Amino acid sequence: MNILDKIVADKRKEVDLKKSLIPVSQLEKSVLMERNTVSLASALQNSTSGIIAEHKRRSPSKSVINQDLNVQDVAKGYESAGVCGMSVLTDGKYFGGSLDDLLLARASANIPLLRKEFIIDEYQILEARAHGADVILLIAAILNRTEIKVLSETAKSLGLDVLLEVHNEEELQKSIMPSLDMLGVNNRNLKTFEVSLETSKNLSEKIPNDFVKVSESGISTVEAIKELQPYGYQGFLIGENFMKTNDPGKHAKEFISQLV
Ligand SMILES: O=C(O)c1ccccc1NCC(=O)[C@H](O)[C@H](O)COP(=O)(O)O
């Protein structure tokens, strides 16, 4: 079983359990359901840096990245650095995140927030909205076309942007539809965990111009971003490179200062 299969199998059990404990009616009562969401896609289109900075404590590819920071400080740091948005990993078992992290990031910073999660059920989209997200991630490798359509349309009906992530051309071709805002190319091979910016470069011309292009994973230098920009990428999702430092916001600021 590959890592994504394992994560998804665990996620199905987790979502079933949560649905039995916290009904949809309770999520719908969150005051955050009334909040006006902010578009990450628009923020990226109007930016010269396009940084989406991630809160990531650990991962299957790196085990521990940083367990010493608190999400409020990270969110405030990213906001003052001028990032376009923040990605908050909410998976507990593999990434050490939680929905509380999303809630605390929401309370700490006024920037678009992406719920970074393995979404397989509409319930998780409502959870995202109720905990302050502006954007959800859908991963083409774990969903079929019908599921992508249903989940993305649910997100749009709740005022959320949708970032659809692909690893190859097959995933891209099965996924293209109008209910997506951004197409993310993940540079990490989930079988070997190797990262290669060539994945983003090779897929770029296959992505229709209607979508904001985002390059994800393994971006550790300003030069890498400058290399990807001519391929039409306007968004750059960076996790480990910022989170491995003791001040991710400061590091993000240094990056951005070299891109504006
Ligand atoms: O990061 C992993 O090891 C990983 C393993 C399996 C599924 C997803 C994984 N990462 C999620 C992400 O998409 C990254 O956290 C994000 O793109 C940032 O990547 P990086 O800048 O390389 O930390």
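Is Ser217 buried or exposed, judged by the other C-beta atoms within 10 Å? In this predicted model, Ser217 has 27 other C-beta atoms within that distance and is therefore buried, the threshold for burial being 20 or more. The residue lies in the loop between β9 (212–216) and α10 (222–228). Although Ser217 is not a glycine, its phi is positive, at about 80°. Ser217 is also one of the residues that come nearest to the ligand.

A second serine, Ser63, likewise is not a glycine and has a positive phi, of about 45°. Ser63 belongs to strand β3, which spans residues 63–64. Ser63 has 8 C-beta neighbours inside 10 Å and so counts as exposed, the limit for that class being 12 or fewer.

The protein chain as a whole contains twelve helices and ten strands. Its radius of gyration is 17 Å, close to the 18 Å given by the globule rule for 260 residues, so the chain is as compact as a globular protein of that length. Along the principal axes, the C-alpha atoms fill a box of roughly 50 × 40 × 35 Å. Buried residues make up 46% of the 260 in the protein chain. Of the contacts between residues at least 6 apart in sequence, 69% join residues that are at least 24 apart.

The UniProt record, an unreviewed entry, lists residues 4–254 under "domain: Indole-3-glycerol phosphate synthase". Over this range the chain is 41% helix and 18% strand, and the end C-alpha atoms are separated by 33 Å.

The surroundings of the ligand comprise 18 residues, of which Ser59, Ser61, Ser217, Gly239 and Glu240 come nearest. Two elements, β10 (233–238) and α11 (240–243), give two or more residues to this shell. By residue class, the shell divides into six nonpolar, seven polar and five charged residues.

Helix α6 covers residues 122–130, and its buried residues are Gln124, Ile125, Glu127, Ala128, Arg129 and Ala130. These buried residues pack against helices α1 (3–21), α2 (24–27), α5 (99–108) and α7 (145–157), and also against strands β5 (113–116) and β6 (135–139). After α6 comes Gly132, which has a positive phi near 100°.

Notes:
Residues are numbered from 1 along each chain as its sequence is written. This is a predicted model: local features need pLDDT of at least 70, side-chain atom pairs count only at pLDDT 80 or more; totals for chains, interfaces and linings use all residues. Helices (H or I, at least four residues) and strands (E, at least two) are DSSP runs, numbered from the N terminus. The radius of gyration is taken over C-alpha atoms; the globule rule is 2.2 Å times the number of residues to the power 0.38. Two residues are in contact if their C-beta atoms, placed from the backbone, lie within 7 Å. A residue is near a molecule or strand if its C-beta atom, placed from the backbone, lies within 6 Å of it. Ala, Val, Leu, Ile, Met, Phe, Trp, Tyr, Cys and Pro count as nonpolar, Asp, Glu, Lys and Arg as charged, and the others, Gly among them, as polar. UniProt positions are given in the numbering used here, feature names are shortened, and annotations may be inferred rather than shown by experiment.
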